Amino acid sequence: MRSIFGDSAADPETGPAAERLRTVEQWRSYLTEYGADVLRVSAEGELFNVSDKQRATGWLGYEGADEQRIAGLEDRLGTRLPPSYRSFLGASDGWSHLGPFMYEMRTTGDLDWLDDDDADMYMDTYDDEPDDASMRTRAPVLLIADEGDAQCWLLDSGDVSRDGEWAAYTWSSWQPGLSDRYGSFAELVAAERDSFQELKGYEGSAVNPEGAEQLVAEGRAQALRGEAERAAATFKQAAVKGSGAGAYLAVMLGAFLDLTHAHHHVRNGILGRPHVIEAVGLEQVRAEAVPLYLRRTMEGYGPGRDFSSVLVPELHRCEGKPVTDWIPYAAASTPPTLPESPVFQEALDAARTIALSGATDDAWSIIEAALPHWHSESPHCIAPVVLLTDPAFREVITAPQARLVVTTPRGEERGRQQPG
């Protein structure tokens with residue numbers, strides 16, 4: 001069959017999840033583990049549709065559909081269901097909280113093809129998206145989700161692998177068009193479980209917190225050796241395990257690698273995360289994260305933009321006002337400063353004076369020469385963030401220079417060879 005998402009039917013290789021989740025027994029084991037994780041780390045209000053019986057048994061599903069019921073559904077649909085989804089229904093005819101934004105799955109009693117009414121209800125936001133438009137004209141697509149947070153899940157019967165699996169997608173109101181393609185229903189569920197673990201970790205309610213501190217220490221050593229991308233990945237792993245320090249260091253290191261969206265990452269990953277502020281300390285957040293947020297917010301949006309959702313303490317009195325009202329206040333505010341080592345502080349002072357005279361290249365030369373000698377006694381400092389937050393260095397620290405700052409070995413790690 002021709003896929004609704006392309007000109008020809010695909011024949012993808014199935015991934016590890018599809019191999020692990022082929023039978024009813026495999027699904028029962030997987031769902032039991034997954035459900036236990038959801039119950040353990042979710043706040044009370046997040047599981048509003050979970051029954052007392054489900055809580056007591058730890059099973060967020062229902063009785064599995066027997067072969068007769070599944071066969072009847074297939075007769076009604078006019079096709080055999082893909083193997084991983086068929087086995088899922090055999091393990092549980094429906095499920096609560098299969099993904100972070102999916103509250104209830106459809107059952108054999110209400111499963112059906114996506115029709116025009118469904119498309120209008122679920123996907124009216126992005127009428128111009130080509131994939132969504134093709135969905136409206138032909139619909140060999142099974143709508144398998146019942147209730148979600150502005151999200152639906154779909155199986156494409158026109159995109160079938162050699163072993164009978166159908167490609168799977170999500171559609172969400174907060175993203176334009178369809179999600180990435182998954183090779184099967186099992187692959188989609190595995191990806192959504194990963195997303196659940198990531199979101200909970202960044203909230204400070206990690207599913208698997210073991211090893212977080214070790215990852216932070218490992219990431220710090222990598223960062224100080226100048227292995228910036230490697231360190232960023234390690235810090236993100238620590239953040240998924242619930243480490244506030246890991247989340248903070250991932251954001252601050254990421255700002256040196258790409259400043260473009262730093263204000264979003266600071267707002268969402270630091271200012272809105274109490275466990276991050278607690279782990280790092282309010283003084284450091286106010287000295288580094290807040291001025292970085294203010295800088296990139298003003299640079300990124302400019303005058304005329306209304307910031308009704310600003311959460312920065314310094315701007316509390318300006319919340320809800322146009323950006324033009326709080327830019328002068330933000331520019332006049334003086335954040336606390338963190339202590340620098342004597343050698344690097346001397347270089348900063350000299351570079352600042354030269355930069356203010358317009359000799360930006362000379363200022364950078366001074367900073368670059370001092371970088372190997374930079375160090376901090378704080379385990380939550382891995383680079384001189386002042387270079388990104390001090391207005392005197394705006395023209396000195398360009399994107400290439402910012403990357404050089406964090407790819408230069410620094411402090412106690414300079415000169416150490418990368419482990420093989």
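Is Arg28 buried, exposed or partly exposed? Keep that question in mind while you get your bearings; the tour comes to Arg28 shortly.

**The whole chain**

Start with everything shown as a cartoon. You are looking at a predicted model. The protein chain has 420 residues, and 50% of them count as buried. Colour by secondary structure and you can look for 19 helices and seven strands. Now switch on the surface: the chain exposes about 19,300 Å², with carbon and sulfur atoms supplying 50% of that area. One more thing to know before zooming in concerns contacts between residues with a separation of 6 or more: 65% of them are made by residues 24 or more positions apart.

**Stop 1: Arg28**

Select Arg28, which you will find in helix 2. Here is the reply to the opening question: Arg28 is partly exposed, and its relative accessible area is 40%. Next, show what surrounds this residue. If you set aside the neighbours within four places in sequence, Arg28 is in contact with Trp59, Gly90 and Ala91. Add Ser87 to the selection too. Arg28 and Ser87 are 59 residues apart along the chain, and their C-alpha atoms are separated by 9.5 Å.

**Stop 2: Asp37 and its partners**

Stay in helix 2 and move along to Asp37 and Arg40. These two form a salt bridge, and 3.1 Å separates their closest N and O atoms. Why does this pair sit about one turn apart? The two residues are three positions apart in helix 2 (residues 24-41), so about one helical turn separates them. Their surroundings are worth checking as well: Asp37 counts as buried at 10% relative accessibility, whereas Arg40 is partly exposed at 48%.

Now add Arg193 to your selection. Arg193 also forms a salt bridge with Asp37, and here the closest N and O atoms are 3.0 Å apart. Arg193 belongs to helix 8 (residues 185-203) and Asp37 to helix 2, so this pair ties together parts that lie 156 residues apart in sequence. Both Arg193 and Asp37 are buried.

**Stop 3: Glu67 and Arg86**

For another salt bridge, select Glu67 and Arg86, whose closest N and O atoms are 2.7 Å apart. This pair links distant parts of the chain, with Glu67 in helix 4 (residues 67-77) and Arg86 in helix 5 (residues 83-91), 19 residues apart. Glu67 counts as partly exposed at 48% relative accessibility, while Arg86 counts as buried at 11%.

Before leaving salt bridges, go back and select Glu33, Asp37, Arg40 and Arg193 together: salt bridges that share partners join these four into one network. The count of salt bridges comes to 16.

**Stop 4: two strand residues**

Select His97 in strand 1 (residues 96-99). What is the phi of His97? The value is positive, about 60 degrees, although His97 is not a glycine. This residue counts as buried, at 6% relative accessibility.

Then jump to Asp146, which is found in strand 5 (residues 145-148). Asp146 is partly exposed, with a relative accessible area of 39%. Show Arg106 as well: it is 40 residues from Asp146 along the chain, yet the C-alpha atoms of the two are separated by 4.9 Å.

**Stop 5: helices 11 and 12**

To describe two packed helices, we give the angle between their axes and the distance between the axes. Select helix 11 (residues 244-257) and helix 12 (residues 262-271), which pack at an angle of about 175 degrees with their axes 10 Å apart. That makes helix 11 roughly antiparallel to helix 12. Show side chains where they meet: Ala247, Tyr248, Val251, Met252 and Ala255 from helix 11 face Ala262, His265, Val266, Gly269 and Ile270 from helix 12. Eight residues of this contact are nonpolar, two are polar and none is charged.

**Stop 6: helices 16 and 17**

Finish with helix 16 (residues 342-356) and helix 17 (residues 360-370), packed at an angle of about 170 degrees with axes 8 Å apart. Helix 16 is therefore roughly antiparallel to helix 17. On the helix 16 side, select Phe344, Ala347, Ala350, Ala351, Ile354 and Ala355; they meet Asp362, Ala363, Ile366, Ile367 and Ala370 in helix 17. The residues of this contact divide into 10 nonpolar, no polar and one charged.

Conventions: Residues are numbered from 1 along each chain as its sequence is written. This is a predicted model: local features need pLDDT of at least 70, side-chain atom pairs count only at pLDDT 80 or more; totals for chains, interfaces and linings use all residues. Side-chain values use heavy atoms; hydrogens and water are left out. A salt bridge is a side-chain nitrogen of Lys or Arg within 4 Å of a carboxyl oxygen of Asp or Glu. Helices (H or I, at least four residues) and strands (E, at least two) are DSSP runs, numbered from the N terminus. Buried means under 20% relative accessible area, exposed over 50%, partly exposed in between (1.4 Å probe, protein chains only). Axes are lines fitted to C-alpha atoms, for helices over the stretch in contact, and angles run from 0 to 180 degrees between N-to-C directions. Angles under 35 degrees count as roughly parallel, over 145 as roughly antiparallel, 65 to 115 as roughly perpendicular and the rest as oblique. Contact means heavy atoms within 4.5 Å. Ala, Val, Leu, Ile, Met, Phe, Trp, Tyr, Cys and Pro count as nonpolar, Asp, Glu, Lys and Arg as charged, and the others, Gly among them, as polar. Accessible areas come from the Shrake-Rupley method with a 1.4 Å probe; for residues, only the protein chains shown count as cover.
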